[in-house]
Amino acid sequence: MAVPKSGPRVQTHAANRGNLCFETPWVDFGERKIEIVNVYCDESGNGNGSKHLVIAATVIEGRLDEELRQRINNAYATALIEGHLLDTEERLSNFANVGFHRSYDSPDLQAEFRAVIRSTQTAKHFVLATDRTGLAGESEVDQMKYLYLRLLSTVCARYRDARRVNIVLERNDQLHDWLPELTSRLKKTLTELSRTEVDLSVAEHDKAPDSPLAIADYMAGIAAAWLDAGATIDRKTFTFRNLLEVEDSISWFCSLERGRLSSRRDRLADR
């Protein structure tokens, strides 16, 4: 059984783009008295036009960032000590340099890191996907830009009452020259929605063993794998079980073509 392409959606603004109507939850987030918010972003599916393109944002309050990094670093150190989780020299070398990276990690190592994500209740995740039909005719780079702008505009709206929002994307040469434009457009969003001035920074970093970029990488990859497998809600399928393991920390998971797939009020686990 797969998630249908139509169904109930959140009450939101509707953004029309040609024949695409994607409803973005920008309203009714309530008061958010948070000083600093750190947002870590990564994508999955790029480089393969036959697969879903997915962007994930992992959001953590600034005061909790160091705790999250320590949790990731502890898992990294444990995996290095327990060498059976790194079953080839290539995986060991890659892991030692960049830490957890879903496309390189063995199934056992992936399971270990999903456990880290499950245990990290202070991090929240926003996921936006497309099967590319809603962005047909666009280059993959432009598809990524559109998804990043939609996703991060939503995150900025969600945390519009924070004093500062720090956004970090994994380094991507295809997006580097576009980051000033992204920053400008997100600042405009915050100016329109926030009652006070919000400091915003957008930067790009390489993956590192203690970086929360690893969590965004995993969230995007888990979501993409589930969608590529047909978005089934059959618990016998490992892609759905993997998604269910981390669903509790997902604030919302949307598709440009299908609408809302999961949210705090409408879990896939409950269907």
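How many residues does helix α3 have, and what distance does α3 reach from its first C-alpha to its last? Select residues 107–119 of this predicted model. Helix α3 has 13 residues and reaches 19 Å between those two atoms, close to the 18 Å expected at 1.5 Å a residue.

Next, display the side chains of Leu109, Gln110, Phe113, Arg114, Val116 and Ile117, the buried residues of α3. Looking down the axis of α3, one finds these buried residues within an arc of 155°, so they line one face of the helix. To see what they pack against, add α1 (65–81), α2 (89–98), β5 (124–130), α6 (213–228) and α7 (238–246).

**The nonpolar cores**

Keep Phe113 selected and add Val54, Phe100, Trp226, Leu227 and Phe253; of the 43 residues in the largest nonpolar core, these six touch the most other members. At least two residues of this core come from each of β4 (53–61), α1, α3, β5, α6, α7 and β8 (250–255). Helix α6 supplies the largest share, eleven residues. Another core, of 38 residues, lies apart from the largest one; Leu151, Leu152, Tyr159 and Trp252 are among its members. As a general background, nonpolar side chains tend to be buried together in soluble globular proteins.

**The sheet**

Now show the strands. Seven of them form an open sheet with mixed pairing, in the order β7-β6-β3-β4-β5-β8-β9. At its edges are β7 (199–205) and β9 (259–263), each of which pairs on one side only. On average, neighbouring strands of the sheet are turned by 15° against each other, direction ignored. Helix α6 packs on this sheet and touches β3 (36–44), β4, β5, β6 (164–170), β7, β8 and β9. The direction of α6 makes about 45° with that of β3.

**Strand by strand**

Select β4 first. This strand is mostly covered, with eight of its nine residues buried. Strands β3 and β4 run antiparallel and are joined by eight bridges; here, Tyr40 stands opposite Thr58 in β4. On moving to β5, one finds seven bridges between β4 and β5, which also run antiparallel. Select Val59 to find its bridge partner in β5, Lys124.

In which sense do β5 and β8 pair? Their pairing is parallel, over five bridges. To finish the tour, select Ala129 and, opposite it in β8, Ser255.

Conventions: Residues numbered from 1 in each chain as written. Predicted model: local features only at pLDDT ≥ 70, side-chain atom pairs only at ≥ 80, totals over all residues. Heavy atoms only, no water. Helix = DSSP H or I, 4+ residues; strand = E, 2+ residues; numbered from the N terminus. Expected span 1.5 Å × (residues − 1). Buried < 20%, exposed > 50% of the residue type's maximum accessible area, 1.4 Å probe, protein only. Arc of directions from axis to C-beta. Contact = heavy atoms within 4.5 Å. Core = buried A, V, L, I, M, F, W, Y, C linked by side-chain atoms within 4.5 Å. Pairing = 2+ DSSP bridges. Axes fitted to C-alpha atoms, helices over the stretch in contact; angles between N-to-C directions.
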